[in-house]
Structure formats: C-alpha cells, structure tokens
Amino acid sequence: MALPSFMVLPLLVVVAAGVYYIYNEVTQFMSKSLVRNKVVVITDAVSGVGSECAHLFHKAGARLILCGTSWDKLESLYDSLTSDADPRETFAPKLVILDFSDMDSMEEVVAEVLECYGCVDVLICNSSMKLKAPVQSVSLELDRNIMDINYFGPSSLAKGVLPTMISRRSGHIVLVNSIQGRLAVPFRSSYAASKHAAQAFFDCLRAEVEEYGIVVSTISHTFIDASHKDKPQRICPSSSSTVITSQLTHGVRPSVLANEIMCTVNRKRKEVVLAHPIPRVALYLRALFPPVLFSVLAAGVKDSALAEQMQ
C-alpha cells in the first residue's frame, strides 16, 4: 500500500533527523574512544582555542599536558577541568610553563614534557602571535619575536618529541596555523611570513615521517573572532576589493576551531582549511590567476587609505 503524497515529506524529515541523531551519537562515542588514554600536549592552552581543546580532550579521557606562559592561568584552567570531572573517567592534567619567545628554554621544556608520561601521542601546536601593521613600521626585533613564536617554537617542539614518536612508530602532530600560511594579506607581512614558514616546515615533515606511521596535520583557519575585534571601516559597499579583503580576515569561533581539531585528530586528516567561501576562492585565484588577486588586494589597500581619510 502506497503512502499518501502528503505524508512523504514529513516521513523523510523524521528519517533524516533519526539518521543525524545516530550519526552524532556515533561520532561523539568515537571521538571519546579514539583519544582515551592518549597523551595529548596542547600549547597555549590558556587561550580561547587552547582552553576549548583542553575541555574537549579532557572529557574524552585524554592524558593532557597543558602548556602556557602563565602559571596562574594554567592553574585556573586546571581547576575548571577537574572541578566537575569524574576521576574514574578522566586524568588530572599536567602543567608545563612554555614560552616560545624564550627559545633558550626549549630543551628543558621538551625534557619536562617527555618526563610527564615518557611519550607524546598527540602534539597540538596552537601558539600564535598576531600583528597588523605596514611593513616599514615593523622592527627587525619584532619580526624575530613573531618568527620565534609562530615558527621556531612549534618546529623546535615538534623536533623535540619526534624521536620518541619515531621509536614507537606512532604519533600525531597538529599545527593550528592560519590561512595566511597559504595566502598573504596586506599589513600582515611578519605574521604571514611566519605562517608560511610553519606551513612549509610541517609539509616537509609530513612526507619525511609518514614511513614511521606518524601523521602530520595542518589546519588553516581565518582569524579567530576577527570580525568582532576589527574596527569597522566606512567604505563604499560597492567595492568588491573591500568585500574580499574583509572576508579574508573574517574570524571563526574558538569552539568551532576546537571541534575541528578534535575531528582532525580522530580522522587523521592531513590538511584542513577552515574558512568562508571568499577566502577559499582567493586561494584558488592565488594558485591559478595570481595577477587578479594581486590587483584586488592592492585595490583594497587603496580603499583602506581612502576610508582613513574620510574618518
């Protein structure tokens, strides 16, 4: 007996909802089971993204090693994780002071990290220093500081834990980078340069360690919550260059990025781009029609200069 036509659509909606519910339940179960008992290191754990990651992995039963520059903030995060946690299901996190601007301390930091559990299963390099300024106004000292935090720090830490991963023929290194590791935007020269360097390093590392069963992932995202922090500009809405350049710095929420990091670890994805359609189009333009993108970005700089004169 055939169903009446008016019942087909509601039935499809119910079936789709049921499938979606089952998928979410299975995904949540798998996310917990895959990282349970794994030793997970999170750098800059006290940041918005780092804190969100810490909560996700802690609930999933991972053995966390939380790194940050402030002991007080690390202890505060520790308290928030353990206050309502079930000690039978979770592990108390271990805390390590890590400051990428002090590269001389990296050897001691690596030793302290490895001393916690003797190995590292997942390393999440989340630290980042941002800067927005014209090229001519950025000092060499500031350039070097950004390179230390965004490039030399993550690469040094990865090198430090790599021998134990190679010996165990297992491990996962995740670089939380930026879309500007693949696409440079005006007034962010130092930041983009450091992100390009990090992207290249981890791309090379991925190929070199694949034979040892080690996974290397890069997540390229747009700026975190940049749309809420940037000062709005009074620019003609018909300017296509303005729309594109503004979208290139449109941010993502920390919770969304943290969930993407968890999915990347669980599914062993090698490269993820977390961006809106316009930045994605810009990536294709950079690869296929670079003169077009260069012209658009240059026009955006001119529009920004015009906007400043109008304010």
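Hi everyone. A disulfide is a covalent bond between the sulfur atoms of two cysteines. In this talk a pair counts as one when the two sulfur atoms lie within 2.5 Å. Keep that cut-off in mind, and please remember that what you see above is a predicted model.

So, how many disulfides does a search of the whole structure find? Zero. Take Cys 67: the closest cysteine sulfur belongs to Cys 116 and sits 8.0 Å away, which is too far for a bond. If you think about cysteines at the bench, exposure matters to the picture too. Cys 67 is buried, with a relative accessible area of 1%, while Cys 263 is partly exposed, at 23%.

Now to the sheet. It is open, has seven strands, and runs in the order β3-β2-β1-β4-β5-β6-β7 with parallel pairing. Because β3 (94-97) and β7 (271-274) stand at the edges with a single partner strand each, one side of each is left without a neighbour in the sheet. On average, neighbouring strands are turned by 15 degrees against each other, ignoring direction. As one example of pairing, β1 (residues 39-42) and β2 (residues 63-68) are joined in the parallel sense over four bridges, and Val 39 has Arg 63 of β2 as its bridge partner.

Which helices should you look at against this sheet? One of them is α4, residues 106-117, which touches β1, β2 and β3 and makes about 175 degrees with the direction of β3. Another is α9, residues 254-267, which touches β4, β5, β6 and β7, at about 155 degrees to β6.

Let's stay with α9 for a moment. At 1.5 Å a residue, its 14 residues should span 20 Å, and the end C-alpha atoms are indeed 20 Å apart, so the two agree. Its buried residues include Leu 257, Ile 261 and Val 265. Just after α9 comes Lys 268, with a positive phi near 55 degrees.

Finally, the interior. The largest nonpolar core has 32 residues, and Val 113, Val 120, Leu 123, Ile 173, Phe 202 and Leu 205 have the most contacts inside it. Which element gives the most to this core? That is α5, with seven residues. Ile 173 is a nice one to click on: leaving aside residues up to four places away in sequence, it touches Leu 123, Phe 202 and Leu 205, among others. Apart from this core lies another, of 30 residues, among them Ala 62, Leu 74, Leu 95 and Ile 261, and Ile 261 brings us back to the buried residues of α9.

Thanks for listening!

Definitions and conventions:
Residues numbered from 1 in each chain as written. Predicted model: local features only at pLDDT ≥ 70, side-chain atom pairs only at ≥ 80, totals over all residues. Heavy atoms only, no water. Pairing = 2+ DSSP bridges. Helix = DSSP H or I, 4+ residues; strand = E, 2+ residues; numbered from the N terminus. Axes fitted to C-alpha atoms, helices over the stretch in contact; angles between N-to-C directions. Contact = heavy atoms within 4.5 Å. Expected span 1.5 Å × (residues − 1). Buried < 20%, exposed > 50% of the residue type's maximum accessible area, 1.4 Å probe, protein only. Core = buried A, V, L, I, M, F, W, Y, C linked by side-chain atoms within 4.5 Å.
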